[in-house]
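Student: I should like to go through this structure by asking what justifies each of the terms applied to it. May we take the terms in turn?

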Amino acid sequence: MLNYSILIEHWDMYMQGFANTLKASVLALIGSLAIGTVMAVFRIAPVRPLNWIGAAYVEFIRNIPLILIVFVFFVGLPAIGIRFDSFTAGTLGLTVYTAAFIAEVIRAGILAVPKGQMEAARSSGLTYLQAMWYIILPQAVKIVIPPMGNQFINLVKNSSVLGVIAGLDLMYFGDLISSETFVTFDVYIFVAMFYLLLTIPLSLGVGALERRLARSR
Amino acid sequence: MFKTVWKKMIGLGLVAMLSATALVGCSSETTTENKTDNKKEQAAETTLDKIKERGKLVVGVKYDLNLFGLKNPQTGEVEGFDIDIAKGLAKKILGDENKIELKEVTSKTRIPMLNNGEIDAIIATMTITEERKKEVDFSDVYFMAGQSLLVKKDSNINSVKDVNKKGVTVLTAKGSTSAQNIRAKAPEATVLEFENYAEAFTALKAGQGDALTTDNALLFGMAKQDPNFRVVDETFSEEPYGIAVRKGDKELLDVINEYLKEIKANGEYDKIYEKWIGEKPKQ
């Protein structure tokens, strides 16, 4: 049986960790969606230098382990005088990393929209950006919802990387409680439950959104 | 065409899974039988017997602590004060200091690893505390350390009082007594705990904290690595290090204590101490 007294005695720590994991996830989600969209558009825009920037970003970032990116923000940038606290450094690393994957998801979604849509939009007088924003992206959104849901769930779980740089998230406090009580299994089962508390509603939400958009098509 | 291929593949997959579960089922039955047999034997066999039978002492040591247990990147060998003590113990039990297997432990993993039988003893700068005595048995003190602070050369922190302020960040490792001590001595400071001291030191070098706290013995090792840092003179705790064995391993514990007495009497201990710490032990 699980030792619930651990959960009760360390409730404050679990709660603080849960709140910070939630905060880091939400901030990284918004940030990576914004950077990811920009990078995706860069990669397919009819401007060569932008293509290069987009491709370089995606290929560079997604092929490096997340923890190294986080270390760059935590101990790398201070070397050149830019210092973030552990929570901020972790969240920034998570944002930059996830953005590379989101860029690929969005790019795939945009490319899945038939070419004729862009041609028709451009020939009716819209600029490239207008056509992208009003015609292409709304259609791409429907296509990218399922893979995007995957990325969001990964993002929440990947936020556990904050634990390594003392980012005060769920994993950090899980490690602390475990090392104070010498209990390993139960402590991390509770940690897993708190993660599920975030990821399962996220999963269900993505599923519901998918069904709604499928109807409206 | 594709459909039949898929059907075949799914079929194959199912067969594989079923046979796997069947196999697992069989093997788990046999292992439970073996386990009950083992238990009967274990009752008669002490850890000390097992070490002799196996011809090898398995000790949990740190791999990331300068002076105490550090893996030398050039040779691949683990070296340090704790390692020399462990080798001497192997010599005492088995007659050969090379009949030893070192396994890496951290402050977090050492007690679980000892209790699940992966290692016979912990020699890893482990402070004897009442809390830990509930989990493991400790030998006599084999090293007396005291908690102190590692700060930048030009820092104005000179005692634990100087860090007991809002806005001061002190770094340490998870699961260490240092974390509990600093929280008690400097309740105003922010304490951040890292996986190990190497990571905490990296964070300190990156300016992510004002001081790093742990036993002075370890801090001296860090200051030796990077001369931009110094150890504060004051110590604010006594940290007696002990060798830990599983609860109830009395035979092994007796041998360890006897060994510690021997090396302290014949000067071997002073030699090891001077070799690593650079000074004679204080009486």
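Tutor: In this predicted model, helix α2 (residues 11–44) and helix α7 (residues 128–158), both of chain A, have axes that come within 11 Å and cross at roughly 135 degrees.

Student: Why is α2(A) called oblique to α7(A)?

Tutor: An angle over 145 degrees would count as roughly antiparallel, and 65 to 115 degrees as roughly perpendicular. The crossing at roughly 135 degrees falls in neither range, and therefore α2(A) is oblique to α7(A). The crossing of these two helices is also right-handed.

Student: Which residues of α2(A) and α7(A) meet?

Tutor: From α2(A) come Ser25(A), Ala28(A), Leu29(A), Ser32(A) and Val41(A), and they meet Met132(A), Phe152(A), Leu155(A) and Val156(A) of α7(A). The residues of this contact comprise 7 nonpolar, 2 polar and no charged.

Student: How do you know that β1 and β6 of chain B pair?

Tutor: Pairing requires at least two bridges. Strand β1 (residues 57–61) and strand β6 (residues 121–122) of chain B are joined by 2 bridges, so the requirement is met; the two strands run parallel. Val59(B) stands opposite Ala121(B) in β6(B).

Student: What makes β5 and β7 of chain B the edge strands?

Tutor: The open sheet has 5 strands in the order β5-β1-β6-β13-β7 (chain B), with mixed pairing. Both β5 (100–104) and β7 (136–145) pair on one side only.

Student: How does helix α3 of chain B run relative to β1(B)?

Tutor: Helix α3 (residues 81–94) of chain B runs at about 165 degrees to β1(B), and lies across β1, β5 and β7 of chain B. An angle over 145 degrees counts as roughly antiparallel, so α3(B) is roughly antiparallel to β1(B).

Student: How do you know that β8 and β11 of chain B pair?

Tutor: Strand β8 (residues 147–152) and strand β11 (residues 211–215) of chain B share 4 bridges and run antiparallel. At least two bridges are needed, so these strands pair. Leu212(B) in β11(B) is the bridge partner of Leu150(B). Both strands belong to an open sheet of 5 strands in the order β10-β9-β11-β8-β12 (chain B), whose pairing is mixed. Its edge strands are β10 (190–194) and β12 (229–231), and the twist averages 30 degrees from one strand to the next.

Student: How many residues of chain A are in contact with chain B?

Tutor: There are 13 residues of chain A in contact with 16 residues of chain B. On the side of chain A, α8(A) gives the most, with 3 residues.

Methods: Residues numbered from 1 in each chain as written. Chains lettered and ligands numbered in written order. Predicted model: local features only at pLDDT ≥ 70, side-chain atom pairs only at ≥ 80, totals over all residues. Contact = placed C-beta atoms within 7 Å. Axes fitted to C-alpha atoms, helices over the stretch in contact; angles between N-to-C directions. Parallel < 35°, antiparallel > 145°, perpendicular 65-115°, else oblique. Left-handed = near helix turned anticlockwise from the far one by under 90°. Nonpolar A, V, L, I, M, F, W, Y, C, P; charged D, E, K, R; others polar.
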